[in-house]
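Let's take a relaxed tour of a protein model, with an eye on its empty space and its aromatic rings.

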Amino acid sequence: MPALDLFLHEERIGQVEPASRDRSRVNLTIDPAYRQTIVLTESFATLAGRRPSTDAVSSFLGGYVPEGNHRAQMASRRQIDDGDLFALLREFGGSIAGALTTRLPDEPQRDRPRYEPLDDTTLSARLQQALTESDQGIPDDSRSTLPGYQPKVLVARFDDQWVHPHGRAHSTHILKPQVPSRPSRIFDEYYSHLLTRAIGLSTFESHLSTAGRTTYLAIERFDRTVEGETVRLHHQEDLAQALGLDWRSSEVKFQDPRWPGNPKRATARRIAELLGSIPGSHAAVAQWIRQLTFHVAVGNNDAHAKNVALMHLEHGTELAQVYDALPNLFQDGLIDRDLALAIDGQFDQRRISSERILAEVASWQVIRASDASVLVEETLAALDGALAATEPPAGASPRMVERLRWNTGRLLAGQEISTPKR
C-alpha cells in the first residue's frame, strides 16, 4: 500500500504509513530536512528524521477524520473500514480542518483540486443528501471532510457563487441544512453567532438562506481566507487532539460525570493547563475564561474538547474563535442538564454561579484571581447588552432569548442560574 505524504501548508513534513498490526493506528516518519516554522501539534514533538509515538500521531491525525454516522456512511461509500485510519486519511485527508493535507507521492488526476459551480437544484440535493445519508454531501471524487455530528455540506464561495470542491480542493464555507426533527436548530445557532460577534468572541460571517425548498445556515470557515479564487489555509488543532485523546471514541471529548478525573477524557482544567503552557499563554487562558463563561450563560451543553481549538499561525499559537456554540439548555423538559465540562465539580448548568466559575478558574492556577474576576464580569455584562440589542431571527426557538437573559442576569447578580418560576 503506497504511503501518504503529509504537508503543512505546502511544506512536506514526512510520510504517513499504516501501523503493522492495528488499522486504527498510523506511523509518521519526519523528513530529515524538515524544520518546523509553524507548530504542527501540541501533542508531540516534530523532530527531523524521527518517528513520534504511534499512539500520539494516530490520536492527532485521527482527530481530523469524520465522526459517528458520518464516518460509517462515508467509509461505506468508499468501501473501506471505518476504523482504518490510514484508509480514511487516504480517502478524505486532502482537505481537512486547518492547513494539513495528505497526498499520494504520485498524485492521481482525480485528486487534483478543481471546483464545479452549484446551481440551486444541485445545492438543494446535496443538502438533502447530507440530511438523509449522513455523508456530508461530498462528490465521489472529493477528498474533503470535517469532524462533527451535525449534517453539513462543504462548499466554497467565489464571486458570490457557490462551488463544489473536487479532489483535494478546499472549502471555504460549511452549510448546515434545517433538520426536520429540530427545525429551530440552525436559527438558534445563527443567533448564537450574532451574540459571539457582538461580544468579540468570533468574527466569521454567517447567514441564513434557501436552496430550492431547503433552508440552510451558511458559515464562513475561520481556518480559511479567500484571496481572489485562491483559498489560503490557517492551521487548526482542536483540544481533543492537543490533549492526545483517543480518536476512536466519541465520548473522550466530554468529561465523565461518573469519573470526573478520568485522565483519558477532557476537563476544563486540562484545557487551561495546556493553554497555560504555550507562549503568550495569558491571552489564550483569558479567551478560554471568556468562552467558558459564554457557554455556561447560553446553556451550550456541547462545548466539549473538539469544539475548542488552537490556531497555529506564523506569529504563534492562539485560541480559535468560538464555534458550534448552540444554546440548548433553555428547553423545557430537557432531561440531561449536564454541561460537557464541569465547572467547579458541577455538571448541572442550573447550579452554576459566577462564584463557581471563578472557583473553577482558581483551581487551574494559571491566571490571577483578580484578572479572572474582571474577565467573567465583563463577558457577562457584554452578553447582557448583546441580548438586549440583538433580535433573534424568525424561526428561533420560543422563549430562548428570555431564558438566556435570565441566565445572564442571575450570573451577574452572583446567584445560581437555577430555573425560572412560572
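Here is a look at the largest pocket, then at the ring pairs, and finally at charges placed over rings.

Bear in mind that this is a predicted model.

**The largest pocket**

Start with the empty space. The largest pocket holds about 750 Å³. Its lining is made up of 40 residues, and the ones nearest the centre are Pro147, Gly148, Lys152, Asn307 and Asp324. What is the lining like by class? It has 15 charged, 13 nonpolar and twelve polar residues.

Several helices and strands contribute to this lining. On the helix side, α2 (68-77) and α5 (185-198) each give at least two residues. On the strand side, β8 (173-177), β10 (214-220) and β13 (235-238) each do so too.

**Rings that pair up**

Now for the aromatics. A pair of aromatic rings is described by the distance of the centres and the angle of the planes. How many aromatic pairs does the structure hold? There are five.

Take tyrosine 115 and phenylalanine 158. Their ring planes meet at 85°, with centres 5.1 Å apart, so this pair counts as edge-to-face. The two residues are 43 residues apart in the chain, tyrosine 115 in strand β5 (residues 114-117) and phenylalanine 158 in strand β6 (residues 153-158), so the pair links distant parts. Are these two buried or exposed? Tyrosine 115 is partly exposed, at 29% relative accessible area, whereas phenylalanine 158 is buried, at 7%.

Another pair is formed by phenylalanine 204 and phenylalanine 222, and this one is tilted: the centres lie 6.2 Å apart and the planes are at 35°. Phenylalanine 204 is found in the loop between α5 and β9 (206-211), and phenylalanine 222 in the loop between β10 and β11 (224-227), so parts 18 residues apart in sequence are tied together. Phenylalanine 204 has a relative accessibility of 3%, so it counts as buried. Phenylalanine 222, at 17%, counts as buried because the cut-off is under 20%.

There is also an aromatic cluster, formed by Phe44, Phe60 and Tyr64.

**Charges over rings**

Which arginines sit over a ring, and at what distance from its centre? The table lists them.

| Arginine | Ring | Distance to ring centre |
|---|---|---|
| Arginine 103 | Phenylalanine 7 | 4.0 Å |
| Arginine 157 | Tryptophan 162 | 4.3 Å |

In the second row, the charged end of arginine 157 is the part that lies over the tryptophan 162 ring. In the first row, arginine 103 lies over the face of phenylalanine 7.

Definitions and conventions. Residues numbered from 1 in each chain as written. Predicted model: local features only at pLDDT ≥ 70, side-chain atom pairs only at ≥ 80, totals over all residues. Heavy atoms only, no water. 1 Å grid on protein atoms, 1.4 Å probe; cavity = no way out; pocket = protein on both sides within 12 Å on 5 of 7 lines; lining within 4 Å. Points joined across faces, edges and corners; volume = space filled by probe spheres on them. Helix = DSSP H or I, 4+ residues; strand = E, 2+ residues; numbered from the N terminus. Nonpolar A, V, L, I, M, F, W, Y, C, P; charged D, E, K, R; others polar. Phe/Tyr/Trp six-rings, centres within 6.5 Å; stacked < 30°, edge-to-face > 60°. Buried < 20%, exposed > 50% of the residue type's maximum accessible area, 1.4 Å probe, protein only. Lys NZ or Arg CZ within 6 Å of the ring centre and 35° of its normal.
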